[in-house]
Amino acid sequence: MRGGAAFKFSLGVIGLKKIKKTNAARILDNLKINYDIKTYEVDENDLSAEHVAATAGLDITTVFKTLVGRGDRTGIIMAVINGADELDLKALARASNNKSVELIALKELLPTTGYMRGGCSPLGAKKNFPVFIDQKVTALEKISISAGLRGQQLILAPTDLIRAANATVADIVASGS
């Protein structure tokens, strides 16, 4: 937790590798929000949330991924869903007051958000895009999101993420997910 032993450890040296503080972590610091940083070994061939969960020793039900879409009315929006779930683009369109939403092309991710695939966070992007978080998050005590860098996850309370991202909670995953 911020100010606690885990926070101090997370900012210290692990082995010979110093942890880089990301924009997302700085935002949480500025808001005085408690969080932990979990590091893991990155596999460039498998950047899936399932692999991140397994490699980092996290329960997949607590690992959330950030997807970036473009609404026909609102432009760029971010969707935060459980790593094992599939985004329902029609539900996201309804929640964001769009007629339709499409995921942006991978080549647009870095120039649009400042983040690369496998390291996209709903916090600290180039601009403050609207963020929509799936309602499943409300049933959890802690969740994990990308810290904005491959190999780092932020562990925090969902209510704190909702506040930090000024997010809207909505049912945005496909049925059966």
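Start inside: the largest cavity in this structure has a volume of about 50 Å³. What you have open is a predicted model, so every value on this tour is computed from that model.

**Stop 1: the cavity**

How many cavities of 30 Å³ or more does a search of the whole structure find? Just one. To see its walls, select Tyr40, Glu41, Val42, Asp43, Asp46, Leu47, His51, Val52, Gly118, Arg150 and Gly151, which line the largest cavity. Try colouring them by type: four are nonpolar, three polar and four charged. Keep Arg150 from that lining in mind, as we'll come back to it.

If you're wondering how such spaces are found, rolling a probe the size of a water molecule over the atoms shows where empty space is left.

**Stop 2: the largest pocket**

Now look for an open space. The largest pocket holds about 490 Å³. Its lining has 23 residues, and the ones closest to the centre are Lys65, Thr66, Leu67, Arg117 and Gly118. Select those five residues and centre your view on them. Gly118 is also on the list for the cavity you just left.

Which elements give two or more residues to this lining? They are helix H3 (49–56), strand S4 (64–71) and helix H5 (106–113). S4 gives the most, with five residues. Colour the pocket lining by type as well, and you get 13 nonpolar, seven polar and three charged residues.

**Stop 3: a three-stranded sheet**

Switch to a cartoon view and select residues 36–39 for strand S3, 143–146 for strand S8 and 152–156 for strand S9. These three strands form an open sheet in the order S3-S9-S8, with antiparallel pairing. S3 and S8 are at the edges with a single partner strand each, so one side of each has no neighbour in the sheet. Going from one strand to the next, the twist averages 35 degrees.

What holds strands side by side? Strands of a sheet pair through backbone hydrogen bonds, either parallel or antiparallel.

Zoom in on the two pairings here:

- S3 and S9 pair over four bridges; select Ile37 and you'll find its bridge partner in S9, Leu154.
- S8 and S9 are also joined by four bridges. Here Ser144 has Ile155 as its bridge partner in S9, while Ser146 stands opposite Gln153.

Next, follow the chain from S8 round to S9. The hairpin has five residues between the strands, and Gly148 in it takes a positive phi near 100 degrees.

Is S9 itself buried or exposed? Five of its five residues are buried, so the strand is largely enclosed by the rest of the structure. Show the side chains and turn the strand in your viewer: Gln152, Leu154 and Leu156 point one way, while Gln153 and Ile155 point the other way. Both sets are buried.

**Stop 4: the salt bridges**

There are four salt bridges in the whole structure. Let's visit three of them.

Begin with Glu44 and Arg150, whose closest N and O atoms are 2.5 Å apart. This pair links distant parts of the chain: Glu44 is in the loop between S3 and H3, Arg150 is in the loop between S8 and S9, and they are 106 residues apart. Switch on a surface and compare the partners. Glu44 is exposed, with a relative accessible area of 51%, whereas Arg150 is partly exposed at 22%. Arg150 is the residue you met in the lining of the cavity.

Then select Arg70 and Glu108, where the N to O distance is 2.7 Å. Arg70 belongs to strand S4 and Glu108 to helix H5, so this salt bridge ties together parts that are 38 residues apart in sequence. Arg70 is partly exposed at 37%, and Glu108 is partly exposed at 23%.

Finish with Lys136 and Asp85, which meet at 2.8 Å, N to O. Lys136 lies in the loop between strand S7 (131–134) and S8, and Asp85 in the loop between strand S5 (75–82) and helix H4 (89–95), so the pair ties together parts that are 51 residues apart in sequence. Which partner counts as buried? That's Asp85, at 7% relative accessibility, while Lys136 counts as partly exposed at 33%.

Definitions and conventions. Residues numbered from 1 in each chain as written. Predicted model: local features only at pLDDT ≥ 70, side-chain atom pairs only at ≥ 80, totals over all residues. Heavy atoms only, no water. Buried < 20%, exposed > 50% of the residue type's maximum accessible area, 1.4 Å probe, protein only. Pairing = 2+ DSSP bridges. Axes fitted to C-alpha atoms, helices over the stretch in contact; angles between N-to-C directions. 1 Å grid on protein atoms, 1.4 Å probe; cavity = no way out; pocket = protein on both sides within 12 Å on 5 of 7 lines; lining within 4 Å. Points joined across faces, edges and corners; volume = space filled by probe spheres on them. Nonpolar A, V, L, I, M, F, W, Y, C, P; charged D, E, K, R; others polar. Salt bridge = Lys/Arg side-chain N within 4 Å of Asp/Glu carboxyl O.
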